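Visitor: I would like to take a close look at a single part of this structure, the place where the ligands sit. Could you take me through it slowly, one piece after another?

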Amino acid sequence: MNHPRLATTPAELSKAITELLEATGKDRPALGLVPTMGALHSGHAALAQAARADNDVVVASIFVNPLQFDDPADLARYPRTLEADLDLLGEAGVDVVFAPSEDTMYPGGLPLVRVSSGVMGTRFEGASRPGHFDGVLTVVAKLFHCVQPAVPAVFRAYFGQKDAQQVALIRRMAADLNFPVQIYPVPIVRAADGLAESSRNVFLSPGERRSALVLSRALTRLQENASSRRPLDLPAAAALVSAEPGVELDYFEVVDPLTLEPVPAGEQDVLSGPALALVAARVGGIRLIDNAELHG
Ligand SMILES: Nc1ncnc2c1ncn2[C@@H]1O[C@H](COP(=O)(O)OP(=O)(O)OP(=O)(O)O)[C@@H](O)[C@H]1O
Ligand SMILES: CC(C)(CO)[C@@H](O)C(=O)[O-]
Ligand code: BAL
């Protein structure tokens, strides 16, 4: 198995990227970045494959970012599978993996100055995980700076639509703070049973996994209502989730895909444009999120 080149410091990373970009012989080669927290699965592979298809050089990062965890237990048990991750990334054709230590990313402790995710970061996932999106945006800003090519190149970054709020916020950060990177969302990858792939799925027992399928079922129901121009009936979809034994609904909302502003209940019967349904629930002790685009 061909592993990608491994860089553990920004200096090693920069050197590897410059060498690979120069080796293309192109005036303006393209560089793709796939940020991850490791414990990789087919969802991450889809991101790496999309980056491979679009770019001359592909970098993936693996860093479990303590700044985005508000729950120390969640951080402590986050799965870490570096060897298998390198196999998967090698298979997907990734050239370089940046896997810094916590000390390298945050020398001298967690940073004093951070990126603020504003009001969009306080809703949905942000309401349940205070400080989460400031932590995500801060580390993504750092990763963009570490990967930013030192020679003329197109720079693209790939994020999964499974974390829809994260994609919306990273797009806003790149636009609001003039990051010279183009953000590419990649569609949600689902297991054969419909569950959105997630690193945390390994913690579900077989019974919990069966219960968790109610999330994708409820989203499909909304999609069918929207596409056949029936009233959405979000309360019925939420009731379906709440009625599932062992599932505790956190939120179920229909929002604007770019601003994440909720679509008022009175406007949900006839959608005036594309909308996004966002759902989060606890199944056993595990918090799961999912979403689906709605087209009327
Ligand atoms: N099923 C999926 N389909 C598409 N992209 C995904 C999927 N799962 C994760 N991603 C994307 O992979 C990137 C890295 O995510 P991360 O390493 O946090 O994995 P995860 O499976 O989302 O883990 P978690 O258990 O933390 O939700 C993110 O951009 C995320 O949106
Ligand atoms: C984007 C990210 C790698 C930042 O730590 C993380 O939030 C994730 O894996 O989705
Ligand atoms: N996939 C989002 C990262 C997190 O859950 O912390």
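Guide: What follows is a walk around two ligands and two residues beside them. Please keep in mind that this is a predicted model.

Let us begin with ligand 2, whose surroundings are made up of Pro35, Thr36, Met37, Asn65, Gln68, Val136, Val139, Val140, Phe159 and Gln166. Sorted by class, this shell holds six nonpolar residues and four polar ones, while no charged residue belongs to it. Two elements, β2 (30-36) and α7 (132-147), each contribute at least two residues to the shell, and the largest share, three residues, is supplied by α7. Two side chains come up to the ligand with polar atoms: an N or O atom in the side chain of Gln68 lies 2.7 Å from an oxygen atom of ligand 2, and for Gln166 the distance from a side-chain N or O atom to an oxygen atom of the ligand is 2.7 Å. Of the 290 Å² of accessible area that ligand 2 has on its own, the protein covers 88%.

Now turn to ligand 3, around which you will find Met37, Gln68, Arg129, His132, Asp163, Gln166 and Arg200. Here the shell consists of one nonpolar, three polar and three charged residues. An N or O atom in the side chain of Gln68 is 3.0 Å from an oxygen atom of ligand 3, and a polar side-chain atom of Arg129 lies 3.0 Å from an oxygen atom of this ligand. On the side of Asp163, a side-chain N or O atom is 3.1 Å from a nitrogen atom of ligand 3. The protein covers 86% of the 220 Å² of accessible area that ligand 3 has on its own.

Gln68 and Gln166 deserve a separate look, since an unreviewed UniProt entry lists them under "binding site". Although they are spread over 99 residues of sequence, they cluster in space, with a largest C-alpha distance of 11.6 Å.

Gln68 is located in the loop between β3 (57-62) and α3 (72-76), and it counts as buried because its relative accessibility is 8%, which is under 20%. Leaving aside residues up to four places away in sequence, Gln68 touches Met37, Arg129, His132, Gly135, Val136 and Val139.

Gln166, for its part, belongs to helix α8 (residues 164-176), and with a relative accessible area of 17% Gln166 is buried as well. With residues up to four places away in sequence again left out, Gln166 touches Phe133, Val136 and Phe159.

Notes. Residues numbered from 1 in each chain as written. Chains lettered and ligands numbered in written order. Predicted model: local features only at pLDDT ≥ 70, side-chain atom pairs only at ≥ 80, totals over all residues. Heavy atoms only, no water. Near = heavy atom within 4 Å. Polar contact = N/O pair within 3.5 Å; in protein donor to acceptor, adjacent residues only side chain to side chain. Areas by Shrake-Rupley, 256 points an atom, 1.4 Å probe, with all protein chains shown as cover. Helix = DSSP H or I, 4+ residues; strand = E, 2+ residues; numbered from the N terminus. Nonpolar A, V, L, I, M, F, W, Y, C, P; charged D, E, K, R; others polar. UniProt positions renumbered as here; feature names shortened; annotations may be inferred. Buried < 20%, exposed > 50% of the residue type's maximum accessible area, 1.4 Å probe, protein only. Contact = heavy atoms within 4.5 Å.
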